[in-house]
Amino acid sequence: MKSLGSRARWLASLLAAGVLMCTGGGVAVAHPDPVPGVEHLIPLPTATSARAPLVSADGTTAYVGANEATGTKLYVVDTQTGEIAAEVPTSTGRWAGPMVFGARGRLIYLVTEGTLNVFDTASDTLRASIPVPDQPRPPGTRPGSLSRMAISPDGTTVYLDQSGPHDNGPSAGPSRLLVFSTARRAFTATVPLPGESPRDIVVRPNGRDAYVSGDAGLVHLDTSTGVPKVVRTIAATGFADELALTPDGRRLYALSKPDGRAAVVDLTRDRVRTTIDFRSDFSPVLSPAVSRDGTRFHVLVDDHRTAPKVLSYDTATHTQVTDETVTGFAVERASGLTVGPDGETLYITGTNYADDPGVYLQIVAF
């Protein structure tokens, strides 16, 4: 088992130099020489919780969406100095949602309650806030949650999934996919989805296929036209949560958080090939990532009893590589993991309750 002090280079294969890995889907942005990460434990002063960050293509800046007592905020962090460069209020609501980079990393699209926001990374300002169209719903119910989003490889289209409407309880109606044009800065289409609780969405590198996870399983959509169409639903995955694509877009790992497993799906045939059992004892398993060369699959596990850890699996055999397990993080509870563009830096958001209570971004260089 590897600790932070070992500085092992096991993550070197995770991403080729100069490729940006975006949490929750996004665009890979080339950069000739990403800057190696520097270890820091950075407090996010007024945050009550935080999502996994986005990291710039050169590795010098991390963007962390956080919930605050008085609203939501985007923290802009200098990864080299460990200083917070900007704190940008993003809404007066209480929920900071998913984020993706726009093409070339010049913009960030981030979701807050009922709104898709456009953030300018050059000026650290919000450029626009576009209301999400209301969904058909019975009187007295509230709009469903805006779970995750992804952006097309060419950066022209953002896809955002939304659960069914609810009355302060479980969803009670059909879910949907929203289509947003980045050029027009407008929502252009909505598509009904099977099930009531979509969880994640990814777009294959070909730009023509998207997959949405949720209570119905894994939903395959044809995105080659302006209005996506449901091709089929792969129910064999069971209730699917977070998703991770292989670099070639031929395989997908679909987490099932309730039972601590991942279905390995062959996207050339839309069939489940096998299942990985994390033996997590019903502990939360999150933030899946596949190495740039496709040889490793990684997940973050937090059992709420011991410190968080990162597990590694061989994608050829789907067996755990135990000597590549990483432990010893400074945060007591972890909420998200992102791998930096140098392939040798981890960015983890988490919370401490006992010593130095608060929400943190931990940067770990290997």
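**Entry 1: E68**

I looked up E68 first and found this residue in strand β5. The model is a predicted one, and I read every entry below with that in mind. Is E68 buried or exposed? Its relative accessibility is 4%, and because buried means under 20%, E68 counts as buried. I then listed its contacts, leaving out residues up to four places away in sequence: E68 touches T46, A47, T48, K73, Y75 and R94.

**Entry 2: the second largest pocket**

I turned next to the second largest pocket, to whose lining β5 (61-68) supplies at least two residues. The space in this pocket comes to about 480 Å³. I noted 25 lining residues, and those nearest the centre of the pocket are R51, A52, R148, E242 and S335. Which strands each supply at least two residues of the lining? Besides β5, I recorded β3 (47-50), β8 (96-101), β12, β16 (198-203), β24 (285-290) and β29 (333-339). Strand β8 gives the largest share, with 4 residues. By residue class, I found 9 nonpolar, 10 polar and 6 charged residues in the lining.

**Entry 3: the sheet that holds β12**

Since β12 appeared in the pocket lining, I followed this strand into its sheet. The sheet is open, has 4 strands in the order β12-β13-β14-β15, and is paired in the antiparallel sense. Why is one side of β12 and of β15 left without a neighbour in the sheet? Strands β12 (146-151) and β15 (186-193) stand at the edges and each have a single partner strand, so one side of each has no neighbour there. I also noted the turn between neighbouring strands of this sheet, which averages 20 degrees with direction ignored.

At the β15 edge, I counted 7 bridges in the antiparallel pairing with β14 (residues 175-181). One bridge sets R176 opposite P192 of β15.

**Entry 4: β21, β22 and β23**

My last entry concerns strand β22 (residues 261-266), which is mostly covered, with 5 of its 6 residues buried. How many bridges pair β21 (residues 251-256) with β22? I found 6, in the antiparallel sense, and the partner of R251 in β22 is D266. Strand β22 is also joined to β23 (residues 271-277) by 6 bridges, and these two strands run antiparallel. In that pairing, R261 has D277 of β23 as its bridge partner. I recorded β22 and β23 as a hairpin with 4 residues between them. In the turn, D270 has a positive phi of about 55 degrees.

Note on methods:
Residues are numbered from 1 along each chain as its sequence is written. This is a predicted model: local features need pLDDT of at least 70, side-chain atom pairs count only at pLDDT 80 or more; totals for chains, interfaces and linings use all residues. Side-chain values use heavy atoms; hydrogens and water are left out. Two strands pair if DSSP finds at least two bridges between them. Axes are lines fitted to C-alpha atoms, for helices over the stretch in contact, and angles run from 0 to 180 degrees between N-to-C directions. On a 1 Å grid over the protein atoms alone, a cavity is a set of points where a 1.4 Å probe fits but cannot get out, and a pocket is an open set with protein on both sides within 12 Å along at least five of seven lines; lining residues have an atom within 4 Å of a point. Grid points are joined across faces, edges and corners, and a volume is the space filled by probe spheres set on the points. Ala, Val, Leu, Ile, Met, Phe, Trp, Tyr, Cys and Pro count as nonpolar, Asp, Glu, Lys and Arg as charged, and the others, Gly among them, as polar. Buried means under 20% relative accessible area, exposed over 50%, partly exposed in between (1.4 Å probe, protein chains only). Contact means heavy atoms within 4.5 Å.
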